[in-house]
Amino acid sequence: MLSLVLLAVAQTQTLDIQTMVRDVDPARLRATVEKLSSFHTRNTTSPTLKESVDWLADEYRKIPGLQVEVMPYAAEKSRRVPEEIQAYQVVAVLPGKTDRRILVGGHMDSLNLQEDAKTGRAPGANDDGSGTALALELARVMAGRPWNQTLVFVAFSGEEQGLLGSKALAERAKAEGWKLEAVFSTDIAGSSSNLNGQSDKEHVRVFSDDPDPAGENPQQSRELARFIEWATRGKIPGFGAHLVLRRDRFGRGGDHTSFSSLGFSAVRFTEVFEEFTRQHGPEDKIEYMDFEYLANVTRLNLVAMASLAQAAEAPTRVRYNPRQSHDTTLTWTATPGTEYEVLWRDSASTTWEDSRRVGAVSTATIEKVNKDSHFFAVAAIGGLPVAAR
């Protein structure tokens, strides 16, 4: 009887996620980007940044249950900041049952490298109205439901001046002891083609930093990326994650780096084929965007976030039994009552290939799968896998 109850709960959760996936609205995404790009510029050094911040904060305040903050921070004088100013960004929190957190965001500031930063037209539709709209849409869809984890929706500023806003928030998260388990940053994810004749409507790239070579650092950005691919595989018809095992593109940077550099697990979502002539200038226009594509990127974020947000706390000290064997035995430190699953992949594979639910235990043996040629991990059901060592 208990197993039937658990199955019914699992099915209800799955159906709820499917309902939320259907609730993602390309028209709402477009309306948000349209409003953002209507500001002459959203450059961090321009007075119109605060106008756009206030508008976006009001949009978040319309969503029941959110705690919305316009966060000020000091943008110090630098190459793209002529003199120190007070800048602003939006932080909206949806409290969960625990103080463990998942953060999702994009940067709302825009940039024109061809004209004066304060006065040049910088619509910033795709870079990064796309990520800003995605976070707002996720807040609209995910609010009103009971989540285990607390969800944080952010519209960063200062990204184009050197990741200033995300650095300020990451340092705040560190100082305040946030239990921040995952950071999803979306930047330039609203177009499926470029002017070079390349197109991909079926994937979004997920960039992730290298794992910590010391072994026990809480930063698991690479494992977070693998989890996203695994958790969303086959969940969105005709669309999936393409893992890129690099921190970011060559010579470029993004807000996820501010968090991974401080030990938080963080990844970046970016379209497959960027059009560089439509970035950092007046040609970053809404008419060049594909909102069904952006909706699929939003849905992919949603599925991965929803899985994490319902999961129990991850296991710790996941270890291989070192003895020679045709089977693989793992042990871990478990939380009483938490059910776990074991995942594995061939050592030459970048993505998880199989898994097995093993129940509320602290050890498991996977028969006839040899640890010499496979990597293993253990996760609370639906949660972030912890690599075995």
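This is a short talk that walks through one predicted protein model, from its overall build down to a few single residues.

Before I start, a word on conventions: the model is predicted, so local features need pLDDT of at least 70 and side-chain atom pairs count only at pLDDT 80 or more, while totals for chains, interfaces and linings use all residues. Residues are numbered from 1 along each chain as its sequence is written, and side-chain values use heavy atoms, with hydrogens and water left out.

Let me begin with the whole protein, which has eight helices and 15 strands; these are DSSP runs numbered from the N terminus, where a helix is H or I over at least four residues and a strand is E over at least two. For 389 residues, a compact globule would have a radius of gyration near 21 Å, and the protein, at 21 Å, agrees with that; the radius is taken over C-alpha atoms, and the globule rule is 2.2 Å times the number of residues to the power 0.38. The C-alpha trace spans about 65 × 45 × 40 Å along its principal axes.

Of the 389 residues, 56% are buried, where buried means under 20% relative accessible area, exposed means over 50%, and partly exposed lies in between, with a 1.4 Å probe and protein chains only. Turning to contacts, meaning heavy atoms within 4.5 Å, we find that among those between residues at least 6 apart in sequence, 77% join residues at least 24 apart.

Now to the sheets, and as general background, strands of a sheet pair through backbone hydrogen bonds, either parallel or antiparallel. In this model, two strands count as paired if DSSP finds at least two bridges between them. One open sheet has four strands in the order β12-β11-β14-β15, and the pairing there is antiparallel. At its edges stand β12, residues 354-359, and β15, residues 386-387, each with a single partner strand, so one side of each is left without a neighbour in the sheet. Strand β14, residues 374-380, pairs with β15 in the antiparallel sense over two bridges, and Ala377 stands opposite Ala387 in β15.

A parallel example comes from β6, residues 203-208, which pairs with β7 over five bridges, with Arg205 standing opposite His242 in β7. Strand β7, residues 240-244, has four of its five residues buried, so this strand is largely enclosed by the rest of the structure.

Which residues does Leu103 contact, once its neighbours within four places in sequence are left aside? Leu103 lies in strand β3, residues 100-107, and is buried, with a relative accessible area of 0%. Its contacts include Val152, Val154, Phe156, Leu169, Trp178 and Leu180. The C-alpha atoms of Leu103 and Leu180 are separated by 7.4 Å, although the two residues are 77 residues apart along the chain.

Some loop residues are also buried, and Ser192 is one of them, at 5% relative accessibility. Ser192 sits in the loop between β5, residues 179-186, and β6, and its C-alpha atom is separated by 6.6 Å from that of Glu271, a residue 79 residues away along the chain. Beyond its neighbours within four places in sequence, Ser192 is in contact with residues including Gln198, Asp290 and Tyr293.

Thr338, in the loop between β10 (328-333) and β11 (340-346), is buried too, with a relative accessible area of 9%. Apart from neighbours within four places in sequence, the contacts of Thr338 include Ala312, Glu313, Gly359 and Ala380.

Finally, some backbone details, for which the background is that most residues other than glycine have a negative phi, and most peptide bonds are trans. Where, then, does a cis peptide bond occur? One joins Asp127 and Asp128, with omega about 0 degrees, and Asp128 has its place in helix α4, residues 125-142.

Leu163 has a positive phi, near 60 degrees; this residue lies in the loop between β4 (150-156) and α5 (164-175), and is buried at 16% relative accessible area. His280 also has a positive phi, near 60 degrees, and lies in the loop between β8 (266-271) and α8 (291-310), where, at 19% relative accessibility, His280 counts as buried.
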